[in-house]
Amino acid sequence: TLPATSPLQQTQFVATCSAKLTYLLNKVLEFQSTEKIIIFYDNNNSAFWIAEGLELLGVEFRIYASTLKPELRTEYLKLFREADEVRVLLMDLRQASHGLHIAQASRIFIVNPIWQPNVESQAIKRAHRIGQTRPVYVETLVLSNTLEDRMLKRRKEMSAAEIQHAEKSLLDDGMMSGIVQREPFLPMG
């Protein structure tokens, strides 16, 4: 736990220009003193903004990405597993299916909805492993009434055969392709 005079406890976070980032950073501040957190991202821009926010808040984290040398990835995992001060692991979603065992995490945030259910399942299984002693909470961050919201709803409606047909690309699904094509541009104000 943090000492009563810790700068983190005195930090007041107001907002960012992204509703998702604001929500995510507030959740990290809420839980990081008692839980370890994995944040899955699917593109480097997202990782950059999340990392920047965590740095501004003084939250100790590591990034687990394919661009890192294997030795460094191993070191970061060890720090996350064993060091009390490293509370957050930012992880490239593409790395989630590599048989990692990270049972120290009890909170998982997925920054964008994942089209492929098997990829989502593998990401969640990183923390939900043998040896996990706490419940694992998973949140996928989706903005209401947006393309990603419609994408997630469509995926949940699909049969196993439809999912398999469109596994490589969501545009392989005729209904999803139509949703994307009809998506209006946001007005510039």
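The exercises below, each with a worked solution, concern a predicted model of a protein chain.

**Exercise 1. The chain as a whole**

Describe the secondary structure of the protein chain, and then state what share of its residues count as buried.

Solution. Begin by counting the elements, which come to eight helices and five strands. Next, follow their order from the N terminus on, where the pattern reads α-α-β-α-β-α-β-β-α-β-α-α-α. Then turn to burial: the chain has 189 residues, of which 42% count as buried. The surface can be described as well, since the chain exposes about 11100 Å², with carbon and sulfur atoms supplying 55% of that area. Finally, consider the contacts between residues at least 6 apart in sequence, of which 71% join residues at least 24 apart.

**Exercise 2. Strand S1 and its partners**

Determine whether strand S1 is enclosed or open to the surroundings, and find which strands are joined to it by bridges.

Solution. The first step is to look at the residues of S1, which covers positions 36–41: six of the six are buried, so the strand is largely enclosed by the rest of the structure. The second step is to separate the two faces of the strand, with Lys 36, Ile 38 and Phe 40 on one side and Ile 37, Ile 39 and Tyr 41 on the other, and both of these faces are covered. The third step is to find the partners. Five bridges join S1 to S4, and these two strands run parallel; five bridges also join S1 to strand S3, residues 88–92, again in a parallel arrangement. Ile 39 serves as an example, for its bridge partner in S4 is Phe 109, while in S3 Ile 39 stands opposite Leu 90.

**Exercise 3. Strand S4 and its further partner**

Work out how S4 is placed in the structure, and name a strand other than S1 to which S4 is joined.

Solution. Start again with burial: six of the six residues of S4 are buried, so this strand is largely enclosed by the rest of the structure. On the side of S1, one of the pairings is that of Lys 36 with its bridge partner Ala 105 in S4. The further partner is strand S5, residues 137–140, which is joined to S4 by four bridges and runs parallel to it. In this pairing, Ile 108 stands opposite Val 138 in S5.

**Exercise 4. The surroundings of Arg 107**

Explain why Arg 107 counts as buried, and describe which residues surround it.

Solution. Arg 107 is found in strand S4, which spans residues 105–110. Its relative accessibility is 11%, and because buried means under 20%, Arg 107 counts as buried. Leaving out residues up to four places away in sequence, Arg 107 touches Phe 31, Glu 35, Lys 36, Ile 37, Ile 38 and Tyr 137. Two of these neighbours can be described further: Arg 107 lies over the face of Phe 31, at 3.6 Å from the ring centre, and a polar contact of 3.1 Å joins the side chains of Arg 107 and Glu 35. Lys 36 has a ring of its own to consider, since it lies over the face of Phe 80, at 5.1 Å from the ring centre.

**Exercise 5. An aromatic pair**

Find the one aromatic pair in the structure and classify its geometry.

Solution. A pair of aromatic rings is described by the distance of the centres and the angle of the planes. The pair consists of Phe 48 and Trp 49, whose ring centres are 5.0 Å apart and whose planes make an angle of 80 degrees. Because planes over 60 degrees apart count as edge-to-face, this pair belongs to that class. As for Phe 48, its relative accessibility of 44% means that it counts as partly exposed.

**Exercise 6. Two residues of one loop**

Decide for Leu 141 and for Asn 145 whether each is buried or exposed.

Solution. Leu 141 has its place in the loop between S5 and H6, and Asn 145 lies in the loop between S5 and helix H6, residues 147–157. Leu 141, at 6% relative accessibility, counts as buried, whereas Asn 145, at 60%, counts as exposed. Leu 141 is in contact with residues including Lys 20, Tyr 23, Leu 24 and Phe 109. The C-alpha atoms of Leu 141 and Leu 24 are separated by 8.2 Å, although the two residues are 117 residues apart along the chain. For Asn 145, the backbone deserves attention, because its phi is near 60 degrees, a positive value in a residue other than glycine. Most residues other than glycine have a negative phi.

Terms used. Residues are numbered from 1 along each chain as its sequence is written. This is a predicted model: local features need pLDDT of at least 70, side-chain atom pairs count only at pLDDT 80 or more; totals for chains, interfaces and linings use all residues. Side-chain values use heavy atoms; hydrogens and water are left out. Rings of Phe, Tyr and Trp (its six-membered ring) pair if their centres lie within 6.5 Å; planes under 30 degrees apart count as stacked, over 60 as edge-to-face and the rest as tilted. Buried means under 20% relative accessible area, exposed over 50%, partly exposed in between (1.4 Å probe, protein chains only). A charge sits over a ring if NZ of Lys or CZ of Arg is within 6 Å of the ring centre and within 35 degrees of the ring normal. A polar contact is a pair of N or O atoms within 3.5 Å; within protein, one must be able to donate a hydrogen and the other to accept it, and residues adjacent in sequence count only if both atoms are side-chain atoms. Contact means heavy atoms within 4.5 Å. Two strands pair if DSSP finds at least two bridges between them. Accessible areas come from the Shrake-Rupley method with a 1.4 Å probe; for residues, only the protein chains shown count as cover.
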